[in-house]
Amino acid sequence: MKKRQIFAALAILIAAADACDKASQTPASSLTPPSWPLVTIDPYTSAWSPADRLYDAGVEHWTGMPFPFVGVLTVDGTEYRFLGKEKAEEYKAICHAGLDRHWDGFYTTKDPAKGWMNPEFSMDPSWIRSQGGYGPENRKPLTATWIDAEDIWARRDVDIETIPDEAEVFFQANCQNINEYYVNGIAVPVADGSHSREYIPLPAAARESLKSGRAVLAGHSHSFSDNRKVGNALVDMGLYVRNTYAQKYDMTAVQTSATVLPTRTIYGFDCGPVALELSFVAPLLLDDLDLTSRPVNYITYAVSAKDGQKHDVSIRIEAGAEWAQNYPMDEVAVSETFEKNGITYARTGNIDQTILSRSGDNVRIDWGYFYLAAESQGTAASALPAGDVAIERTLGKVKKGNGKIMIGYNDLYSIRYFGTDLRPWWNSDGTKTIEGEFEAACRDYKAIMKRSCGFDASMMAEAAAAGGQKYAELCALAYRQCIAAHKLVKSPSGELLLISKENNSNGSAGTVDVTYPSAPIFLKYNTELAKGLLNFIFDYSENHGWDKPFACHDIGRYPLCEGQYYGADMPVEECGNMLTLTAAVCHFSGDASYARKHWETLTKWTEYLSQFGLDPDNQLCTDDFAGHSAHNANLSIKAIMGIASYARMADMLGDAQTSDKYAAMARFMAQEWVKLADDGDHYRLNFDAPDTWSQKYNLVWDSLLGLNVFETDIMAKEIPYYIGIQRQYGLPLDNRSEYTKTDWILWTAAMCRTQEDFDALVDPVWRFYDESVDRVPMSDWTWTDKAEHRGFKARSVVGGFFMKMLFEK
């Protein structure tokens, strides 16, 4: 089956020559992604299909929330759905849970009297009135009141308006650990463990009790006995009703092919007597900042009659207001249509436009406006109920036809940066309009498509030459995900800022140890963007109050960049990251003036590493999910690379005395490292832990930047050892668990001396993504013994897959 789809995809790629030169055609990918990238503009406007056939599932934001998106080709009056599924249901709040809106209630951390869950219960003074949900600070914005406790009991009293008898009522508990919940004293079956936005049908007795017009919701959370979870009690609760919708487009097209290239996802369909070729195009060409920043993607289409006859054809795209909402049940959108300068628009956005009002991880934008647009001739736009929008293009009676529909988002302001609200890069001075960007996207369409197709072809060829076809396919899938996890803005002083969102982790902005693994793609394609990953860290350290002797972890919680959000420092980790990446920028640009500009700060961080880097104490590193780790051998390598990088930059600046001093220090530390870490046929995870091992991915810079401070060939022992112990789906991160980080495997593989060894490490990673049962955007934290992800998705760190290509540069 897969072979037939590959051949069909090849046919479509060869046929799609009206916008791309035939010379730019690119072989189809054989990789079946866990989720297919469709629209990739920034962390908020990011849409994915979790189904191998585009019409088998609804389109989702990377967080998993529905982004209703439906495409229909009408042929001679028959409608064929080729994209997405129609909205079948949605939940509306009777009383919101804290994930949507904080609520008034009472809590206690002391064991209450019997009957505490009943409506008639009389609370004693130990019950504190406060806003919910209740739990630890690291669960905000769900938690309005931050409590670190082993047990939390909570109550909230709600007046209930009349609910239609036929309406089914659901309980939402956002919680973790051991849970018990009640409505009017009647137990609700919430299982132990973690729950988020799960809708649990109310038991009949609890549903009947709501007819009284009152609901007392009560919950208790008890932390697991595992020491790591004590103090993590969490209580949040709400009631919802479900609305269902009739389906209009039952008949589907027949998908014949699908493939992912760096800037395009391409599909083929049969729609009765007509074949449809469809591409989702995000022209993220990193040598063109204006184009990369332009918040417009394309859906291109080409139809051809299979029977040689003319057919009456039109194409329709519908999108839900959810594209401009954080959580639809709590927001009201309005849509409109208009025409300007030969382009017809359908636009939707919330009535309440509170700009930059929300931050966090599992959130979506709820300010600004989502657009569908197309040339006006043959186009009709619709403003649909509930703020939904549609664009329909009529091709007429044709044997062949093609065109495009544009998708875009105007976020008005993108980032709050130390008290200043910044517009997106494309409109940093406030003189441009979103309509102007659509007009440019329309006017330059053919040239942009030619460039995108040409880039796809050249990148795939270069990646295949560097690491083989499977490696190229991994890079193709990683390309848009990495770039769209950032926002490009200009600082008040005029510097380029490329700010990442730490997706599916904690939502931090500009996290240094997320920048570090993602940097290879930017170092390869545009060192100015690589500087943009570092500029705000230097600015925070030099101008906005970060005064510790080591580098910060982040600059806020996206999109609010007002100081470090993460509660723990990573001193050796972040100093090593910043020093090494600054040296890499200087190396690949051939200019050390960037280092000179920040020399005082770089010197301070180097002094910290010289004192604490060789044998780190009990510190966190980027693999913080594994916990603190003292005497970490790989973290020590990072410190050595940081000091060696400082020496290299001093040399580039003509300061031989400083360069010699720190190069000698790095070489001495490298010699000591070998003595401390040697464990026979490999090197240890921790210096004081024999019979342990870990990936030494930080060593990659020694050869990449030509630092050459390690005289011993570390990887000559490590690579064969890794190959001997890896699992079906990759090399574990270290001996402590079966999980891995796929970005680090690709860094480790880049140090292989032979293609055979490279393939041995990379092929299992390709196999994981091809066989993964979890239909989410690329995860970088995966299990190696089963095709499931451990956590994380849609993160920028997959830019690290380009490390092997960076070596070739």
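Here are four short exercises, with worked solutions, on a predicted model.

**Exercise 1. How do the axes of helix α6 and helix α7 cross, and which residues make the contact?**

Solution. Start by finding the two helices: α6 covers residues 469-483 and α7 covers residues 512-525. Next, look at their axes, which come within 11 Å and cross at roughly 95°. Angles of 65 to 115 degrees count as roughly perpendicular, so α6 is roughly perpendicular to α7. Now turn to the side that each helix brings to the contact: Y479, C482 and I483 come from α6, while S518, I521, F522 and Y525 come from α7. Finally, sort these residues by class: 6 are nonpolar, 1 is polar and none is charged.

**Exercise 2. How many cavities of 30 Å³ or more does the whole structure hold, and what lines the largest cavity?**

Solution. Begin with the count: a search of the whole structure gives 3 cavities of 30 Å³ or more. The largest cavity holds about 200 Å³ of space. Then go to its wall, which is made of 21 residues. To find the centre in your viewer, pick out I41, L284, T292, S293 and H486, the lining residues nearest to it. Next, ask which elements take part: α3 (289-293), β21 (296-305) and β31 (486-490) each give at least two residues to this lining. Last comes the class count, with 13 nonpolar, 5 polar and 3 charged residues in the lining of the largest cavity.

**Exercise 3. Which helix gives the most to the lining of the second largest cavity, and how do the lining residues divide by class?**

Solution. First, note the space in the second largest cavity, about 120 Å³. Its lining has 15 residues, and those closest to the centre are C621, D623, N632, N634 and Y697. Now find the main contributor: helix α13 (residues 633-652) gives the most to this lining, with 3 residues. To finish, divide the lining by class, which yields 5 nonpolar, 5 polar and 5 charged residues.

**Exercise 4. What is the volume of the second largest pocket, and which strand supplies the largest share of its lining?**

Solution. Take the volume first: the second largest pocket has about 580 Å³. Then look at the 23 residues around this pocket, where M65, P66, K87, E89 and E90 lie closest to the centre. The strand you want is β6 (residues 89-95), whose 3 residues are the largest share of the lining. As a final step, group the pocket lining by class: 11 residues are nonpolar, 3 are polar and 9 are charged.

Methods:
Residues numbered from 1 in each chain as written. Predicted model: local features only at pLDDT ≥ 70, side-chain atom pairs only at ≥ 80, totals over all residues. Heavy atoms only, no water. Axes fitted to C-alpha atoms, helices over the stretch in contact; angles between N-to-C directions. Helix = DSSP H or I, 4+ residues; strand = E, 2+ residues; numbered from the N terminus. Parallel < 35°, antiparallel > 145°, perpendicular 65-115°, else oblique. Contact = heavy atoms within 4.5 Å. Nonpolar A, V, L, I, M, F, W, Y, C, P; charged D, E, K, R; others polar. 1 Å grid on protein atoms, 1.4 Å probe; cavity = no way out; pocket = protein on both sides within 12 Å on 5 of 7 lines; lining within 4 Å. Points joined across faces, edges and corners; volume = space filled by probe spheres on them.
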